[in-house]
Amino acid sequence: MKFFLRLVAAVVVLAILAGAGYAGYWSLAAGKTREAIEAWAASNTTDPAVRIGAVTVSGFPNRVVAVIDSIEVSRPGGSLPWQYKAENVRLARALSGTTTTINVLGPQTLTYTAGGQQQVARATAGLFALELRSDDDGKFTGFGLRSEEHTSELQSRLHLVCRLLLEKK
């Protein structure tokens with residue numbers, strides 16, 4: 001009977017250690033994800049310039065999900081100055097997966113100057129997703145785009161040029 005109790009205790013201790021080890025592994029992956037996003041933004045400060053809002057990481061136990069409150073990418077100089085803004089950008093990847101999904105859950109705005117006039121394009125979607133696929137070695141192998149309940153609007157300073165609404169039927 002003592003042997004059986006020791007065996008059960010050893011199995012319980014091993015299970016606890018395995019769980020703690022996995023939690024540590026996930027926490028390390030989450031920290032590296034946050035650091036990579038922040039390093040990307042910090043390394044792109046001039047051409048184009050990148051600014052991001054707060055980054056939160058979640059998804060335990062099987063995914064790493066990073067949410068960026070806001071992102072702004074701009075290139076103010078050159079022959080075609082532009083600025084892109086988006087809110088609530090979500091990046092997700094399974095710990096054992098080869099696909100990273102980027103969802104933009106908030107509004108997006110692209111502002112650019114053409115022919116001396118500022119143009120603005122706005123888009124919102126119930127779902128806008130970009131899937132980036134890689135092989136087991138991390139090499140890029142392709143991408144996919146998906147949008148549902150999408151509204152786009154293009155306007156100049158004086159006139160609404162076009163509004164497009166696509167709904168899932």
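The following exchange concerns a predicted model of one protein and looks at its fold, its surface and one residue, Glu72.

Visitor: In what order do the elements of the protein run from the N terminus on?

Guide: The protein in this predicted model has one helix and nine strands. The helix, H1, covers residues 2-43, and strand S3 covers residues 63-75. Read from the N terminus on, the order of the elements is α-β-β-β-β-β-β-β-β-β.

Visitor: Which residues form a nonpolar patch on the surface, and what is their accessible area together?

Guide: The protein exposes about 11,200 Å², of which carbon and sulfur atoms supply 60%. A nonpolar patch on this surface includes Phe4, a residue found in helix H1. The patch is formed by Met1, Phe4, Leu5, Val8, Val12 and Ile16, and their accessible area together is about 640 Å².

Visitor: Is Glu72 buried or exposed?

Guide: Glu72 has its place in strand S3, and its relative accessible area is 14%. Buried means a relative accessible area under 20%. With its value of 14%, Glu72 is therefore classed as buried.

Visitor: Which side chains does a polar contact join to the side chain of Glu72?

Guide: Leaving aside residues up to four places away in sequence, Glu72 touches Ala49, Val50, Arg51, Gln83, Tyr84 and Lys85. One polar contact, of 2.3 Å, joins the side chain of Glu72 to that of Arg51, while another, of 2.8 Å, joins the side chain of Glu72 to that of Gln83. The side chains asked for are accordingly those of Arg51 and Gln83.

Key. Residues numbered from 1 in each chain as written. Predicted model: local features only at pLDDT ≥ 70, side-chain atom pairs only at ≥ 80, totals over all residues. Heavy atoms only, no water. Helix = DSSP H or I, 4+ residues; strand = E, 2+ residues; numbered from the N terminus. Areas by Shrake-Rupley, 256 points an atom, 1.4 Å probe, with all protein chains shown as cover. Patch = residues over 30% accessible without salt bridge, like charges linked within 9 Å, V, L, I, M, F, W, Y side chains within 5 Å. Salt bridge = Lys/Arg side-chain N within 4 Å of Asp/Glu carboxyl O. Buried < 20%, exposed > 50% of the residue type's maximum accessible area, 1.4 Å probe, protein only. Polar contact = N/O pair within 3.5 Å; in protein donor to acceptor, adjacent residues only side chain to side chain. Contact = heavy atoms within 4.5 Å.
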